[in-house]
Amino acid sequence: MRLSRHVAVPLLLAAAGLCAPAQAAPVHAPSDPNQAFAAEFGDRFFEAYWPLRPDLAISVGYYNVADRLLPFDARERAVEAVFLKRELAALKRYAPESLNDANRTDQALLRNELESELWHQQELRDWQWDPSGYNVANSFALLLNTDYAPLEQRLRTVSRRLARVPAYYAAAWANLSHPTREHTQLAIQQHQGTLDLFGADLENQVVSSALSMDERLLLLKRIDAARAAIKGYIEHLAALDARLAKNGKPRSFRLGRALYEKKFGYDIQSAGSAEDLYQRALTEKGRLLERMDGLATQLWPKYMGDAAPPQDRFDRIGQLIARMSDHHSAAADFVPTVEKLIPQLEDWVSSHDLIDLDKDKPLQVRVTPAYERGVSVASIDAPGPYNAQASTYFNVTPLDDMGAERAESFLHEYNDWMLPILIIHEAIPGHYVQLIYANRSPSRIKSIFGNGAMIEGWAVYSERMMLESGYGGGTPEMWLMWCKWNLRSVTNTILDYSVHVLGMSRDDAIKLLAHEAFQSQEEASGKWRRVQLSSVQLASYFSGYSQIYDFREQLKQEQGEAFKLKAFHEQLLSYGSAPVKLIRELMQNKKGSEDAR
């Protein structure tokens, strides 16, 4: 679920009843529509928007509303709907052809975002069936761990926010109607980590702070009340899950065709439909398997000796990959191995002139916080454009909680060839680099309302680009493992569409992932869990990657020797995280691309 959903909306009550969020004085538009648009949808828009989205505001480094946390009840949803409809009406006053490329693409992005938010509230209604959408942990963690102000100031903000936690969870429980079991169980798991956030470490931080005695006592009291509210939410959900397991009929986690296509349109923002992408993924799967079969035939004698290769293509490729996957780090060395890879990748990117890196923004590797675990093994926590100098964290989940069998399965998946590709994707030159460039964009709309397909697509593209530059030595082993990894992105699309639209069963999903995409049982089981808890996001990888790669190849053909890879990368990333189809339009119009930055 996106951070902009399930967030508190401040209630502003007039004497006569409910009113819309406060807004700045009306903008008197100059004759130039571009000046008018910039004035209306610059700071004026965000000053009205952030009180409705305090969690998102904190995540992008805007702290003026950081103490706000109000229950997401019916009155707040009404306030939200009024605001969204009002801003959509304001956007429609500008004819796209009257705007320059910068404002025209901002208009398209913002319209998509606001329509999507309204659709989530009124049609998808995930606030009714997804208990995991309510969780206060991430914003509190950012306030406590980001040095945007002195500690005592941040603790006072935390204290005011904590006072609202009991009402927040009371409203969350009241909102839930016919939830899915999968999201209910995720909420229970993640809220155990949320309790840890408000545990002894925070209490010790408060006691040792320079707050006055009264402030410390009040804050400790509010911590206790917040913990009680969180425990109550867990208990409510656990009882609900038990009832659903015994005699209930929970909502299906599958979206169905109509909701899926609509969500795909808002989230991906590509030229085609979800079904179009699904069909292309099927074709790409066949192409990758053909290439993998050739590489497996080449490598078979080296790793399998005189053993006769199986006749079945999947068995042949799978057996070779399984043997190669025995080459991996020890479980205890997993996190240290990741830490060593970061500077190696930085050196490669710089020495091969692939893209400029910001040496003032070192990437910090850390163990994934408990409240963020349960969905992925590695992720990036990056600051937003309002606080771009804050630390960027690369979260890596250690294998301590896995048994020996699960850990071995995991390490087979992230073997000596595969692990560097994972770090390329998540960190350098993948997500970490792309998000730094996004924060440089003068357009806050492009930086804040980032398109997931662009973000994930760049990370997938960067894997191929690194191997094309020679990383990994160009060996058939490296390319075989890249093909397996790239097949994962392709299979993500097939899996997501098949599960949510075509009703694919768990057994067929595991067969697709483990037998036809050569993923370990641990990885396949984790992906099945993920597809139950998310929708469309898994399709963003292949969608964005294929759009970026197709565009690059088109420019290479058109420009010939004049094409410069580094210049392409830096221009592509200079537009924030806009959808690839919009970036493509801007880059094909040289004047427009200069205006849009």
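Biologist: Which helices are included in what covers the buried residues of α9?

Modeller: This is a predicted model, by the way. In it, the cover over the buried residues of α9 includes α4, α6 (126-129), α7 (137-145), α8 (151-162), α10 (181-197) and α12 (213-247).

Biologist: And which residues of α9 are buried?

Modeller: Look along residues 165-175: V165, Y168, Y169, A171, A172 and N175 are the buried ones. They span an arc of only 160° around the axis, so they sit on the same side of α9.

Biologist: Back to α4, then. At what angle do α4 and α5 cross?

Modeller: For a pair of helices, start with the angle between axes; over 145 degrees counts as roughly antiparallel. Here α4 (residues 74-92) and α5 (residues 101-124) have axes that come within 10 Å and cross at roughly 150°. That makes α4 roughly antiparallel to α5. As for handedness, α4 passes α5 in a left-handed crossing.

Biologist: Which residues meet there?

Modeller: On the α4 side, R77, E80, A81, L84, K85, E87, L88 and L91; on the α5 side, Q107, L110, R111, L114, E115, E117, L118, Q121 and Q122. Sorted by class, that contact has seven nonpolar, three polar and seven charged residues.

Biologist: Now α23. What do its buried residues pack against?

Modeller: First pick out the buried set in residues 506-516: A509, I510, L512, L513, A514 and E516. Their packing partners are α14 (274-304), α15 (313-324), α22 (476-500) and α24 (521-533).

Biologist: Which residue with a positive phi follows α23?

Modeller: That's F518, with phi near 60°.

How values were computed
Residues numbered from 1 in each chain as written. Predicted model: local features only at pLDDT ≥ 70, side-chain atom pairs only at ≥ 80, totals over all residues. Heavy atoms only, no water. Axes fitted to C-alpha atoms, helices over the stretch in contact; angles between N-to-C directions. Helix = DSSP H or I, 4+ residues; strand = E, 2+ residues; numbered from the N terminus. Parallel < 35°, antiparallel > 145°, perpendicular 65-115°, else oblique. Left-handed = near helix turned anticlockwise from the far one by under 90°. Contact = heavy atoms within 4.5 Å. Nonpolar A, V, L, I, M, F, W, Y, C, P; charged D, E, K, R; others polar. Buried < 20%, exposed > 50% of the residue type's maximum accessible area, 1.4 Å probe, protein only. Arc of directions from axis to C-beta.
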